[in-house]
Amino acid sequence: MDYPAEKFDLILSSLTLHYVESFDTIAQHIYKWLIPGGSFVFSIEHPVFTAEGSQDWVYDKNGEKINWPVDRYFIEGKRNTTFLGENVIKYHRTLTSYLNILLQHGFTLKEIIEPEPSQEMLKEIPEMKEELRRPMMLLISVLK
C-alpha cells in the first residue's frame, strides 16, 4: 500500500494487525500517512490470547474449562491456528513490542483498553462469564 504523506486524520484497524507479519512496517507507514495530530486506533487479539497458538481452553476429563494456556509468550512470530474451521496464520507479539514499536515511530499513547463484558452482557449471555478469565482483545489509541 502506498498513500501520500499526511493524507489521513484518522486510521482505524479492527482485528487485522495480528495477521500482518511486520507490525513495525505498517506502523511506520501509518505514521507517515497521518496528518500531525492524527489518530491511529486499532484492535487486536490480546497477546495473552495469541501466545500459545491453539487459542482454546484446557479442559478437564469432564469437558470443563480449567484454564487458558499461555505459553511461548516471549517467543514472537508465526502461529498456526484455526478460525471458523479454517487454518490461519497469525503473528504473536508481546504487549511490549506493540507499544514500543508505536513509540519508536513517534506516536503518543492516548489510551489502552483490555475490554471486558459489560454487566448487561454478563446477565444476558451466561457464557460471557468465561471472558472474565483472560483478556481476548486489546484496543490501542495513539496520536501522531
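This report describes the fold, selected residues, a surface patch and the largest pocket of a predicted model.

Residues are numbered from 1 along each chain as its sequence is written, and side-chain values use heavy atoms, with hydrogens and water left out. In this predicted model, local features need pLDDT of at least 70 and side-chain atom pairs count only at pLDDT 80 or more, whereas totals for chains, interfaces and linings use all residues.

**Overall architecture**

The protein chain contains four helices and eight strands, where helices (H or I, at least four residues) and strands (E, at least two) are DSSP runs numbered from the N terminus. Their order along the sequence is β-α-β-α-β-β-β-β-α-β-α-β. The C-alpha trace spans about 55 × 35 × 25 Å along its principal axes. Of the 144 residues, 34% count as buried; buried means under 20% relative accessible area, exposed over 50%, and partly exposed in between (1.4 Å probe, protein chains only).

**Selected residues**

| Residue | Position | Relative accessibility |
|---|---|---|
| His29 | helix 1 (residues 23-33) | 26%, partly exposed |
| Gln55 | loop between helix 2 (47-50) and strand 3 (58-59) | 16%, buried |
| Leu84 | loop between strand 5 (77-83) and strand 6 (86-92) | 75%, exposed |

Gln55 is not a glycine, yet has a positive phi of about 55°. Leu84, likewise not a glycine, has a positive phi of about 50°. His29 is 28 residues from Met1 in sequence, and their C-alpha atoms are 8.8 Å apart in space.

**Surface patch**

Leu84 also takes part, with Tyr19 and Phe83, in a nonpolar surface patch of about 330 Å². Patches are made of residues with over 30% relative accessible area and no salt bridge, like charges being joined within 9 Å and nonpolar side chains (Val, Leu, Ile, Met, Phe, Trp, Tyr) within 5 Å. A salt bridge is a side-chain nitrogen of Lys or Arg within 4 Å of a carboxyl oxygen of Asp or Glu. Accessible areas come from the Shrake-Rupley method with a 1.4 Å probe, and for residues only the protein chains shown count as cover.

**Largest pocket**

The largest pocket has a volume of about 150 Å³. On a 1 Å grid over the protein atoms alone, a pocket is an open set of points where a 1.4 Å probe fits, with protein on both sides within 12 Å along at least five of seven lines; lining residues have an atom within 4 Å of a point. The volume is the space filled by probe spheres set on the points, which are joined across faces, edges and corners. The lining consists of Pro115, Glu116, Pro117, Met121, Met128, Glu131, Arg134, Pro135, Met136 and Met137. By class, seven lining residues are nonpolar, none is polar and three are charged. Ala, Val, Leu, Ile, Met, Phe, Trp, Tyr, Cys and Pro count as nonpolar, Asp, Glu, Lys and Arg as charged, and the others, Gly among them, as polar.
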